[in-house]
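Here's a quick briefing to read alongside the model. Have the viewer open and follow the topics in turn.

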Amino acid sequence: MDLLDTFFNWPILREALPLLLRGLGVTVLLGAASIALGFVAGLAVALLRLYGPRPVRILSRIYVDLFRSIPLLVLLVLVYYALPFLGIRLSSFAAATTALSLIACAYTAEILRAGIEAIPKGQSEAATALGLGFADSMCYVVLPQALRVVTPPLTSICINVLKYTALASVVAMPELLKQATQAQAAAANPTPLIGAAVLYLALLLPLVRLVGSVESRHRAAAQ
Amino acid sequence: MNAQIRIRGLCKSYGRFAALRGVDLDVAAGEVVVIIGPSGSGKSTLIRCINLLEKFQEGEIVVDGHAVGSGKSLKQVRAEVGMVFQSFNLFPHLTVLGNVMLAPRRVRGLTRLEAEARSHALLERVGLGAHAHKRPAQLSGGQQQRVAIARALAMEPRILLFDEPTSALDPEMVGEVLAVIQSLAKTGVTMIIVTHEMGFARRVADRIIFMDGGMIAEQGAPEQLFKAPREPRTRAFLDAVLGS
C-alpha cells in the first residue's frame, strides 16, 4: 500500500499530467528539430567527405571524429554556458538543438557515408553513362538505394537523439524530464517521474520495435 | 571519310600498370566495330574512356567534334553515347519502366507522358513490353540486359558502346541479347562492341579490332581477320578461343 502511494499515486499523477504532456511536447519538438537538422547537415557532411576536394574531405572527417567523441552533456554545457563569453547567447531550446544536431550530424554522416559506399560502383557509372549529372545521379540512383540500406541505423540515431533530449534539462529546458522533476519536487512524491518514464517508453518503444522488424526483414531478404 | 569518333595517342595507366599504350582509332558514323582480345588487353578500358568513365592521362578523344574532356562538351558526349555494361547495372529500386524513363526525363527534359511513350515503345522493341512494371530482380539475366539496352536507347544515342554484354549471362540467354544487338546494327547507330562471342563478332562487325597489351595489334574486315590474320598474336588468340 505504501509502495502504491509512493510510486503510483493516481491523484498526484493526474495533477502532474498536463505538465508532463507539455514536457513531452517539448521533448518531441526538440528531438524532431535536432533529427531534421542533423540529417540535412549529416547528408552534406557525408557528401563532402566522399566527393569534396581533399582538404574538405579531411575537415569533414575531423568533424565527424570530434563530434562522435565528445560527450553530449559536455557539448551542451559548452554551448549554453561557454558561448555567452563570446557574446553568443542562445536560448535553452536553441542551445539544446545546436548541441544535439551537431552530434546527430556526425553520426548521420558516418552512417550515410557507409550506405553510399555500399552501393555498387556500377550504379553511378550507369547513371553517368546515361548523362545524369552528379546531383541527379545522387538523388535518383544512389541515395534512394543507400537510404534503404541505412534505415535501421538511422532510426537508431533518432532513438538516441530523442533519449538524449533528457539532458537538455540541465540547461533549464522545460522538456519531459525537467517537468517531471519539478512536479516531483512540488508534490514531494516520485510518481511524476514514473509517469515520465512511461511516456518515454510510449514514445520510443515503437521506434525500437520498428528497427528490430526492419532489420529482421532485411536479414530474411538477404538470405 | 569523316570519323565520328577519333582517338589519337590514347594512354591510360592504373598506377604503374599501363592499360592503354598509345591507341589510335577512327570510327565512322554507322560503323559497327567489334573489339576482341585477351583479358587485360585494354578492350574495356578503351571504350570506357570514350565517355570518360575512365580518365586517361595522354592523348585525345573527339566525339562528333566534341573533345572528351570536362564540362559542357563532356555532358554532350555522354548524352550522345549510350553504354551497356557486362553486369547490366539496372537500378534495382526502380521498375523496368522507371529505369528506361529516368534519363530521358532528367537529361532530355521529356514530360512523363513523352518519356513513358518512348520507353514503352523501346521495351516492346526488345520484347519486354509485358514486363514494364516489374522490378529488375524479377527478370532473368537476358531480360535484364535487354532492359539495359532499351535504357541506353531511350536517350536516342548516336553511338552505342557494349562492354562484354553477354559475359555475365547464362549460355541459354546469350542468343536473345545478341539478336537484339544485331537488330540495332541495321539501324545506322554507330556501335563499338567488346565481346568474346566470336561467331557474333563475325556476323555483326564491319571491322574487327584485335587488342593485345594495351595496343591495337591488328584490325580488318571480319573475313580477313578470322580467316587470314597477319599477326602471330592474333592467330594464337583465335586458335585459343575457337579451339582449332
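Let's start with a cross-strand pair: Arg6(B) sits opposite Val62(B), a residue of strand E4(B). Keep in mind that this is a predicted model. The predictor reports an ipTM of 0.92 and a pTM of 0.87 for the complex. For chain B, the average pLDDT is 93, and 98% of the residues score at least 70.

**The antiparallel sheet in chain B**

- Arg6(B) and Val62(B) face each other within a bigger arrangement: an open sheet of four strands, ordered E2-E1-E4-E5 in chain B, with antiparallel pairing.
- Which strands stand at the edges? They are E2 (17–28) and E5 (66–67) of chain B; each has a single partner strand, so one side of each has no neighbour in the sheet.
- Strand E1 (residues 3–14) and strand E4 (residues 58–63) of chain B run antiparallel and are joined by five bridges.
- Besides the Arg6(B) and Val62(B) pair, Cys11(B) has Glu58(B) of E4(B) as its bridge partner.
- On to the next pairing: E4(B) and E5(B) also run antiparallel, with two bridges between them.
- Val63(B) is bridged to His66(B), which lies in E5(B).
- The hairpin of E4(B) and E5(B) has two residues between the strands, and Asp64(B) takes a positive phi near 50° there.

**Cysteines**

- How many disulfides turn up in a search of the whole structure? Zero, over all chains.
- Cys11(B), already met as the partner of Glu58(B), is in no disulfide; its nearest cysteine sulfur belongs to Cys49(B), 10 Å away.
- Why does Cys49(B) make no bond to Cys11(B)? Because its closest cysteine sulfur, the one in Cys11(B), is 10 Å off, which is too far for a bond; the cut-off for a disulfide is 2.5 Å between the sulfur atoms.
- Is Cys49(B) buried or exposed? With a relative accessibility of 0%, Cys49(B) counts as buried, since the threshold for that is under 20%.

**The parallel strands around E7(B)**

- Strand E7 of chain B covers residues 159–163 and is mostly covered, with five of its five residues buried.
- Its side chains split two ways: Ile159(B), Leu161(B) and Asp163(B) point to one side of E7(B), while Leu160(B) and Phe162(B) point the other way, and all of them are buried.
- Strand E6 of chain B (residues 81–84) pairs with E7(B) in the parallel sense, using four bridges.
- In that pairing, Val81(B) has Ile159(B) of E7(B) as its bridge partner.
- Strand E8 of chain B (residues 190–194) also runs parallel to E7(B), and five bridges join the two.
- Leu161(B) is matched there with Ile192(B) in E8(B).

**A nonpolar surface patch on chain A**

- Now for the other chain: what do Leu3(A), Leu4(A), Phe7(A) and Phe8(A) form on the surface? Together they make up a nonpolar patch, with about 400 Å² of accessible area.
- Leu3(A), one of these four residues, belongs to helix H1 of chain A, which spans residues 2–7.
- Leu3(A) has a relative accessible area of 55%, so it counts as exposed; the cut-off for that label is over 50%.

Note on methods: Residues are numbered from 1 along each chain as its sequence is written. Chains are lettered from A and ligands numbered from 1 in the order in which they are written. This is a predicted model: local features need pLDDT of at least 70, side-chain atom pairs count only at pLDDT 80 or more; totals for chains, interfaces and linings use all residues. Side-chain values use heavy atoms; hydrogens and water are left out. Two strands pair if DSSP finds at least two bridges between them. Patches are made of residues with over 30% relative accessible area and no salt bridge: like charges are joined within 9 Å, nonpolar side chains (Val, Leu, Ile, Met, Phe, Trp, Tyr) within 5 Å. Accessible areas come from the Shrake-Rupley method with a 1.4 Å probe; for residues, only the protein chains shown count as cover. A salt bridge is a side-chain nitrogen of Lys or Arg within 4 Å of a carboxyl oxygen of Asp or Glu. Buried means under 20% relative accessible area, exposed over 50%, partly exposed in between (1.4 Å probe, protein chains only). pLDDT is the predictor's confidence in each residue, from 0 to 100.
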